[in-house]
Amino acid sequence: MKDQTELLSVTDLRVQFPGKKSGVMGKPLPIPVVNGVSFNVYKGETLGLVGESGCGKTTLGRALIRLGHPVVTGRVAFEGREISGIANREFRSLRKEIQMIFQDPFGSLNPRLTVRQALEEVLLVHGMARGEAAQKRIAGLLDVVGLNKEYSNRYPHEFSGGQRQRIGIARALAINPKFIICDEPVSALDVSIQSQIINLLKDLQRDMGLTYLFIAHDLSVVEYISDRVAVMYLGKIVEIADSTELYANPEHPYTKALLSAIPNPEFGVKRERILLNGDLPGPLNIPSGCPFHPRCPVATAACTQRTPKLQQRHDNGHKVACLLYE
């Protein structure tokens, strides 16, 4: 049974980016991307975060680690300590505890640095090791992620996509973090390589006691690696539950539509597909009431007026934001 000690707690997180000016003398219109998200992550678990492209998954992950320069409000606590209001200089020490694995394994690596230089830079910046101790640490990291230590003098372009992602994982592990944000870490890889990276992440979690926020759009991958799953739509979490519970008993109409798109592995057995009308609205055109109502096959008149709250439906922690259950 997983540890039920909270490692990360997020309350009413909102993320906005400055947009274009509304007129010649007008102020830039803020673009809301994450709209009041609340969740927690327990020590040693993997929380999957799924949703369509543009729903705010990656922005949420980057906001937690302070990448980029959006306007972020809300409360974020790590190991019981509120970190949302601390200065950037103080937050720097937290980067030893919180790391990120990026979607693009090539774009996230400096093409001018060898593997050894890239990993050594991390160790030096955080005062973890230098000289011979750093070289031993680098050799150990490469071994842990399944790469030969002789590869340390090669450049990123000399590796395959899967190997580059292993280097990215080694970089995230270099300073012994407790929490890793995995931003679609296998979506840019061949299917044959994806399973290798996923199994590597699971092995590392088991051996090192790591905690993951796993962001992805591949629902099959999320089901395999996650202990719990949160479904995100247009900047809001609309359902969150234990992975087995969510896939067996989805309750939000959006979750049901997403899961209906997963191919059935049983030969000759077709899954009943739920097709949604229209596309995901832009962040400047968020519908009134429930943001999903224009595409929802079971929407009522009340859905156009009232915004549902994420509420617990069952004793097992299954939460849903839908007026059908209020």
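**Figure 1. Buried residues of helix α3 and the helices they meet in the predicted model.** Val 115, Ala 118, Leu 119, Glu 120, Val 122 and Leu 123 are the buried residues of α3. An α-helix has 3.6 residues a turn, so residues three or four places apart point the same way. The buried residues of α3 pack against two helices, α4 (131-144) and α5 (161-173). Just after α3 comes Gly 127, with a positive phi of about 65°.

**Figure 2. Ser 108 in the loop ahead of α3.** The loop that holds Ser 108 runs between β6 (98-101) and α3 (115-125). From its side chain, Ser 108 reaches the backbone oxygen of Pro 105 at 3.4 Å. When residues up to four places away in sequence are not counted, Ser 108 touches Phe 102 and Arg 171.

**Figure 3. The largest nonpolar core, with Ile 180 as one of its best-connected members.** This core has 56 residues. Those with the most contacts inside it are Ile 169, Leu 173, Ile 180, Leu 201, Phe 214 and Tyr 247. Leaving aside neighbours within four places in sequence, Ile 180 is in contact with Gln 99, Ile 101, Ala 172, Leu 173, Leu 210, Thr 211, Tyr 212 and Leu 213. A second core, separate from the one that holds Ile 180, has 33 residues, including Val 34, Val 76, Ala 230 and Ile 237.

**Figure 4. Strand β10 and its two pairings.** Strand β10 (residues 236-242) is mostly covered, with five of its seven residues buried. With strand β9 (residues 228-233), β10 pairs in the antiparallel sense over six bridges. Within this pairing, Ala 230 has Ile 240 of β10 as its bridge partner. The hairpin of β9 and β10 has two residues between the strands, and in this hairpin Leu 234 takes a positive phi near 50°. Strand β12 (residues 319-320) also pairs with β10, in the antiparallel sense and over two bridges. Here the bridge partner of Glu 239 is Val 320 in β12.

**Figure 5. Helix α1 and the residue that follows.** Helix α1 (residues 57-64) is mostly covered, and six of its eight residues are buried. The buried positions are Lys 57, Thr 59, Leu 60, Gly 61, Ala 63 and Leu 64. After α1 comes Arg 66, which has a positive phi near 60°.

**Figure 6. Asp 12 and Glu 79, non-glycine residues with positive phi.** Asp 12 is not a glycine, yet its phi is positive, about 50°. Its place is in strand β1 (residues 6-21). Asp 12 has 36% relative accessibility and therefore counts as partly exposed, since that class lies between under 20% for buried and over 50% for exposed. Glu 79 has a positive phi near 55° and is likewise a residue other than glycine. Glu 79 is found in the loop between β4 (71-78) and β5 (81-82). Because its relative accessibility is 35%, Glu 79 counts as partly exposed.

How values were computed:
Residues numbered from 1 in each chain as written. Predicted model: local features only at pLDDT ≥ 70, side-chain atom pairs only at ≥ 80, totals over all residues. Heavy atoms only, no water. Core = buried A, V, L, I, M, F, W, Y, C linked by side-chain atoms within 4.5 Å. Buried < 20%, exposed > 50% of the residue type's maximum accessible area, 1.4 Å probe, protein only. Contact = heavy atoms within 4.5 Å. Helix = DSSP H or I, 4+ residues; strand = E, 2+ residues; numbered from the N terminus. Polar contact = N/O pair within 3.5 Å; in protein donor to acceptor, adjacent residues only side chain to side chain. Pairing = 2+ DSSP bridges.
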